[in-house]
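Good morning, everyone, and thank you for making time for this. Please have the sequence and the 3D view open while I talk, and stop me if you lose your place.

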Amino acid sequence: MKITVIGAGYVGLVSAACFAEIGNEVMCVEKISSKLDTLKKGESPIYEPGLSEVLKRNISENRITFTDNMDDAIHFGEAIFLCVGTPQSETGKADLSQVEEAARQIAQMATSYKLVIEKSTVPVNTNKWVKRTLERYAKDGVDFDVASNPEFLREGSALEDFMKPDRIVVGVESERAEKIFRELYKPFTDQGYPLLVTNTAAAELIKHASNSFLALKISYINMVSDLCEKVGADVELVAEGMGLDKRIGRQFLNAGLGYGGSCFPKDVKAFVKIAEENGLDFALLRETDCLNEERRPKFIEKIEEILWINKNKTIAVWGLAFKPNTDDVREAPAIDIVNALSDSGATLNMYDPKATETFKTVVPEADNMSYCANAYEALEGADALIVLTEWEEFKEADLAKVKSMLKLPIIIDGRNLYDPKEMKKQGFEYYCMGR
Ligand code: UDX
């Protein structure tokens, strides 16, 4: 099938690469010229395991091309995926101006039937606005369908999530659109992966409702974690005990610094807003968001309870990305935590396996803030180590070496990487979350 993908951001690029990988011909539009040059060389502008290899293979086999020419791209595919940004506006509402612009351009340029598919996360009933925009600007006699096909890709395992999906959700309003999706996703349904066909509004809701529910689960366990600290229980065991109930499940019950990234914080706020616009107060999700935002100042308090005064102390920081296996630092807890520690007069030696460069664009190097080339370099002369992202590299660290390099053997772990008993045995003063 010939597919057009508008927007080579995270979702667009992974989707385009994977659609090509399963044998489709894909044209992907990217407006930013530096990014476009990188993509044309087969390089990925983002760090995502496996993505560069898939891009290179499909470029060389002519299944994927990149362009900044909207006209070419719109004529190319019958199915057009909208993967443009839907950032959060000041009110918490999603800013849909890029969706509207893309819909308008499709209407103005298309000369034959197009299935316009929302893949970016959008508020419920955005499809109606897209449809109205297409109809307003369309040339006579050109038909359109609008559909929703939300993505459920996790950064760091996006290719696997695409290729081995828990479910594929498509929201359609016509048989023609459903037929196109059934053909497109046949390689998956043939392998037994479930395809759920709904109307467009339900598909839009499934995405927001799923992400908000996962965020809720995280805030829930974080609250339980705080209670564990007060009563002397271990949140890891509580999570294990809860997770053994198949109705609950163990995933997304990891207590710590809370959720970040480009999706959960934005999606929870947007979902609250959608409910509000429909006369409903989603207080449950407002609380989810508040609890999450409190995680960061609470961790700072924890550090102060342990170190007493931060001024003139050197703190090693392991982990800057919002989660492991990504260089993404959007809404990363590390941003707030590092800035607060710096404001309180600490000197920071920071290290992340992949996210140093992206983090530097948000928190520039300064007299009291330096970025280290490896994890151990960050420890030199440090009064304590704080762990902010659960990279595998940190789990496998040589703890004897860590102890010998730190000035004081203090570790404050925001992600529960190590076994407290083992740490005690090794002579560390080890603090973690909810244990
Ligand atoms: C998420 C959804 O999982 C994905 O389906 C959607 O399409 C995009 O948003 P992503 O943001 O890449 O994916 O990361 P995810 O692995 O879901 O983690 C989100 C955040 O929750 C991270 O900050 C992570 O550290 C945090 N988290 C996750 C926890 O704090 N505890 C957990 O148990 C799980």
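I will go through two pairs of packed helices, and then turn to a pocket and to the cavities. Please keep in mind throughout that this is a predicted model.

Let me begin with a general remark, which is that two packed helices are described by the angle between their axes and the distance between the axes.

For our first pair, take helix H1, residues 10–21, and helix H3, residues 51–60, whose axes lie 9 Å apart and make an angle of about 50 degrees. That angle makes H1 oblique to H3, and the crossing of these helices is left-handed. On the H1 side the contact is made by Leu13, Val14, Ala17, Ala20 and Glu21, while H3 brings Leu51, Val54, Leu55, Arg57 and Asn58. Sorted by class, the residues of this contact are 7 nonpolar, 1 polar and 2 charged.

The second pair is helix H12, residues 264–277, with helix H13, residues 283–307, and here the axes come within 9 Å and cross at roughly 150 degrees. How do these two helices run relative to each other, roughly parallel or roughly antiparallel? An angle over 145 degrees counts as roughly antiparallel, and H12 and H13 are therefore roughly antiparallel. Their crossing is left-handed. Val268, Lys269, Phe271 and Val272 of H12 meet Leu285, Arg286, Asp289 and Glu293 of H13, and this contact has 4 nonpolar and 4 charged residues, with no polar ones.

Please stay with H13, as it also helps to line the second largest pocket, which has a volume of about 470 Å³. Of the 19 residues in the lining, Asp226, Glu229, Lys230, Lys302 and Glu305 lie nearest the centre of the pocket. Helix H10, H13 and strand E14 each supply at least two lining residues, and the largest share, 7 residues, comes from H13. By class, the lining has 10 nonpolar, no polar and 9 charged residues.

Finally, the cavities: how many of 30 Å³ or more does a search of the whole structure find? The search finds 3. The largest holds about 50 Å³ of space, and its lining includes Glu118, Lys119 and Glu204. The second largest cavity holds about 40 Å³ and is lined by Ser219, Asn222, Met223, Asp226, Leu291, Glu294, Arg295 and Lys298, with H10 and H13 as the elements that give two or more residues.

Technical notes
Residues are numbered from 1 along each chain as its sequence is written. This is a predicted model: local features need pLDDT of at least 70, side-chain atom pairs count only at pLDDT 80 or more; totals for chains, interfaces and linings use all residues. Side-chain values use heavy atoms; hydrogens and water are left out. Axes are lines fitted to C-alpha atoms, for helices over the stretch in contact, and angles run from 0 to 180 degrees between N-to-C directions. Helices (H or I, at least four residues) and strands (E, at least two) are DSSP runs, numbered from the N terminus. Angles under 35 degrees count as roughly parallel, over 145 as roughly antiparallel, 65 to 115 as roughly perpendicular and the rest as oblique. A crossing is left-handed if the near helix is turned anticlockwise from the far one by less than a right angle, and right-handed if clockwise. Contact means heavy atoms within 4.5 Å. Ala, Val, Leu, Ile, Met, Phe, Trp, Tyr, Cys and Pro count as nonpolar, Asp, Glu, Lys and Arg as charged, and the others, Gly among them, as polar. On a 1 Å grid over the protein atoms alone, a cavity is a set of points where a 1.4 Å probe fits but cannot get out, and a pocket is an open set with protein on both sides within 12 Å along at least five of seven lines; lining residues have an atom within 4 Å of a point. Grid points are joined across faces, edges and corners, and a volume is the space filled by probe spheres set on the points.
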